[in-house]
Amino acid sequence: MTRMNPALSLFVTGTDTEIGKTFVSSALLHGFVREGLRAAAMKPIAAGAFVLNGELHNEDADQLDAASNVLLPPAMRTPYLLKEPAAPHIAAALENVSFDIDHIVACHAQALKRADVVVVEGVGGFRVPLTATHDTANLAVALKLPVVLVVGMRLGCISHALLTAEAIAARGLTLAGWVANRVDPDMTFADENIASIREHLAREHDAPLLGIVPHLSPAAPELAADRLDINRLLQTLRHAQH
Ligand SMILES: Nc1ncnc2c1ncn2[C@@H]1O[C@H](COP(=O)(O)OP(=O)(O)O)[C@@H](O)[C@H]1O
Ligand SMILES: [Mg+2]
């Protein structure tokens with residue numbers, strides 16, 4: 001295996017919830033593993049848990065683990081696992097939990113010691129509130145990570161994509177690239193929409209399209225991995241680190 005020193009990492013955000021962040025993150029993990037890297041995932045804040053063999057699980061975290069070849073201890077992978085499938089600040093209030101971004105940053109630093117690349121999946125869209133004063137964007141800033149934007153291809157996604165890219169840039173973060181994910185198989189003019197986003201993000205943010213993931217049935221992340229330009233992403237991540 002090729003060892004990466006220091007480890008690479010990226011923050012995966014999306015145009016919305018349920019648009020394929022976990023799916024594309026899993027595909028990226030498969031892609032990194034194929035490149036011979038030790039790949040680990042974090043889902044630092046997860047809302048929605050079920051009990052399996054006496055332990056709390058979260059669907060996203062389990063999917064990410066299934067695509068990784070390095071498993072982090074659950075408390076490092078998901079420092080905040082909340083029971084209620086709700087907006088994080090609401091789920092946290094129900095359990096009297098308050099998010100400590102520094103704690104997540106510390107867990108991430110530990111994760112970097114165990115892998116060559118750590119994929120961090122955000123929660124919901126880019127500005128989901130975490131506390132009264134902080135949101136997911138603040139988390140990405142605290143982690144100092146390049147961002148990959150997953151665009152769920154459906155009507156309305158162009159503006160969501162461009163707004164998210166603007167919010168990423170406004171915080172001084174690098175948009176390492178974006179993925180067009182065909183989450184809605186019935187979307188019309190998908191190619192035209194992709195072309196439009198591609199042009200804007202390239203011109204305004206120098207951000208490449210890393211791949212177009214078709215609607216897959218069943219949704220197999222290892223097949224989605226074939227559609228992603230992993231080497232281009234790795235190149236950008238290495239560059240962003242220096
Ligand atoms: N390209 C795709 N083809 C088929 N199903 C997809 C695709 N992308 C996402 N899905 C499905 O859509 C749902 C939401 O995806 P998920 O990755 O969980 O979204 P998010 O993490 O943004 O909430 C899941 O059931 C997933 O399997
Ligand atoms: Mg998810």
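The legends below describe close-up views of a predicted model.

**View 1. The magnesium ion (ligand 2) and its protein donors**. Three residues supply the protein donors of the magnesium ion: Thr22 through OG1, Asp60 through OD and Glu121 through OE. These donors lie 2.1 to 2.3 Å from the ion. Along the sequence, the donor residues follow the spacing T-x37-D-x60-E. Asp60, in helix α2 (residues 59-67), and Glu121, in strand β7 (residues 117-121), are 61 residues apart, and the pair links distant parts of the chain. Asp60 counts as partly exposed because its relative accessibility is 21%. Glu121, with a relative accessible area of 2%, is buried.

**View 2. The surroundings of ligand 1**. Around ligand 1 there are 15 residues, of which Glu18, Thr22, Phe23, Asn181 and Leu216 come nearest. A polar backbone atom of Glu18 is placed 2.7 Å from an oxygen atom of the ligand. Lys21 brings a polar side-chain atom to 2.9 Å from an oxygen atom of ligand 1. With Asn181, the partner in ligand 1 is a nitrogen atom, and a polar side-chain atom of this residue lies 2.8 Å from it. Thr22, listed here among the residues that come nearest to ligand 1, is also one of the protein donors of the magnesium ion.

**View 3. Helix α6 and its buried face**. Helix α6 spans residues 136-143, and its residues Thr136, Ala137, Leu139, Ala140 and Leu143 are buried. Seen down the helix axis, the buried residues fall within an arc of 155 degrees, so they line one face of α6. Their packing partners are β1 (8-14), α5 and β7. At the N-terminal end, Asp135 caps the helix, with a side-chain oxygen 3.0 Å from the backbone nitrogen of Ala137. Just after α6 comes Lys144, which takes a positive phi of about 55 degrees.

**View 4. Ala109 in helix α5**. Helix α5 covers residues 101-112 and includes Ala109. This alanine counts as partly exposed, because its relative accessibility is 36%. Ala109 and Thr136 are 27 residues apart along the chain, and their C-alpha atoms are separated by 18 Å. Thr136 belongs to the buried residues of α6, and α5 is one of the elements against which those residues pack.

**View 5. The cysteines Cys107 and Cys157**. Cys107 counts as buried because its relative accessibility is 8%. Cys157 also counts as buried, at 3% relative accessibility. A disulfide is a covalent bond between the sulfur atoms of two cysteines. With a cut-off of 2.5 Å between cysteine sulfur atoms, the count comes to 0 disulfides.

**View 6. Backbone geometry in three loops**. Asn53 is found in the loop between β4 (50-52) and β5 (55-57). Phi of Asn53 is near 50 degrees, a positive value in a residue other than glycine. Asn53 is exposed, since its relative accessible area is 74%. Asn96, placed in the loop between α4 (88-94) and α5, has a positive phi of about 55 degrees although it is not a glycine. Asn96 is exposed, with a relative accessible area of 76%. In the loop between β10 (209-213) and α9 (221-225) stands Pro218. A cis peptide bond, with omega of about 0 degrees, joins Ser217 to Pro218.

Technical notes: Residues numbered from 1 in each chain as written. Chains lettered and ligands numbered in written order. Predicted model: local features only at pLDDT ≥ 70, side-chain atom pairs only at ≥ 80, totals over all residues. Heavy atoms only, no water. Helix = DSSP H or I, 4+ residues; strand = E, 2+ residues; numbered from the N terminus. Buried < 20%, exposed > 50% of the residue type's maximum accessible area, 1.4 Å probe, protein only. Donors = N, O, S within 2.8 Å, 3.2 Å for Na, K, Ca; no water. Arc of directions from axis to C-beta. Contact = heavy atoms within 4.5 Å. Polar contact = N/O pair within 3.5 Å; in protein donor to acceptor, adjacent residues only side chain to side chain. Near = heavy atom within 4 Å.
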